[in-house]
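Biologist: I would be grateful for a close look at the aromatic rings of this protein. Please explain each term as it arises.

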Amino acid sequence: MKIRTATPADADEMVQVRTASWRAAYAGLVDAEVLAGLPEEASERYVRHLAQKRPLELALVAEKGPYVIGFAVFTWDRDEAAEEDAGPGVPGEVLSIYVHPDHWSRGAGRALMNEGVRWLAAEGLSPVRVWMMEGSEVSRRFYERYGFEADGARKTVELSGASLPCARLTLQKDAAAA
């Protein structure tokens with residue numbers, strides 16, 4: 001398995017990984033119609049986004065052979081600071097991390113997280129935070145094994161008309177799992 005920076009050519013596979021992950025992890029938590037309507041191809045906007053080198057944003061893919069089996073995006077905590085105020089001393093955020101369900105529990109998520117957490121630390125973005133859909137046991141187990149802990153913050157995210165309750169978890173500076 002190889003971890004590398006995502007490119008626009010990875011966009012469709014990244015979307016397919018996200019869609020498969022959502023359908024497996026969030027069945028019963030998210031309306032079946034919403035899950036069925038998730039895209040299988042990347043939008044042109046997403047491809048353009050991946051083509052732009054953005055400061056304080058790192059998109060990684062986990063590749064096995066010629067296939068993308070997972071991806072993650074790391075950045076500053078956008079709830080904490082605007083882009084012009086982002087930088088050292090602002091918390092970091094795991095904006096997204098997905099591994100295709102056929103590859104769960106085989107190390108791809110941990111490898112992506114390790115690389116992203118190292119990058120966030122090098123950028124001075126600490127502590128690291130992630131938002132998780134409440135009720136997702138798959139997500140909770142992954143984050144807790146890595147060393148994240150619920151910090152009490154909550155918010156609701158809207159997706160296709162559905163209100164999804166989310167809880168924030170925080171990884172303290174020296175708590176990352178070995």
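Modeller: The following account concerns the aromatic rings and how they are placed. This is a predicted model, in which local features need pLDDT of at least 70 and side-chain atom pairs count only at pLDDT 80 or more, while totals for chains, interfaces and linings use all residues. Residues are numbered from 1 along each chain as its sequence is written, and side-chain values use heavy atoms, with hydrogens and water left out.

The structure holds 5 aromatic pairs. Rings of Phe, Tyr and Trp (its six-membered ring) pair if their centres lie within 6.5 Å; planes under 30 degrees apart count as stacked, over 60 as edge-to-face and the rest as tilted. In one pair, the ring centres of phenylalanine 71 and tyrosine 98 are 5.6 Å apart and the planes meet at 45°, so this pair is tilted. It joins distant parts of the chain, since phenylalanine 71 belongs to strand E3 (residues 67–76) and tyrosine 98 to strand E4 (residues 92–99), 27 residues apart. Strands here are DSSP runs (E, at least two residues), numbered from the N terminus. Phenylalanine 71 has 3% relative accessibility and therefore counts as buried (under 20% relative accessible area, with a 1.4 Å probe and protein chains only). Tyrosine 98 is also buried, at 15%.

Another pair is formed by tyrosine 146 and phenylalanine 148: their ring centres are 6.2 Å apart and their planes lie at 35°, so it too is tilted. Both tyrosine 146 and phenylalanine 148 are buried. Together with Phe142 and Tyr143, Tyr146 and Phe148 make up one aromatic cluster.

How values were computed
Helices (H or I, at least four residues) and strands (E, at least two) are DSSP runs, numbered from the N terminus. Buried means under 20% relative accessible area, exposed over 50%, partly exposed in between (1.4 Å probe, protein chains only).
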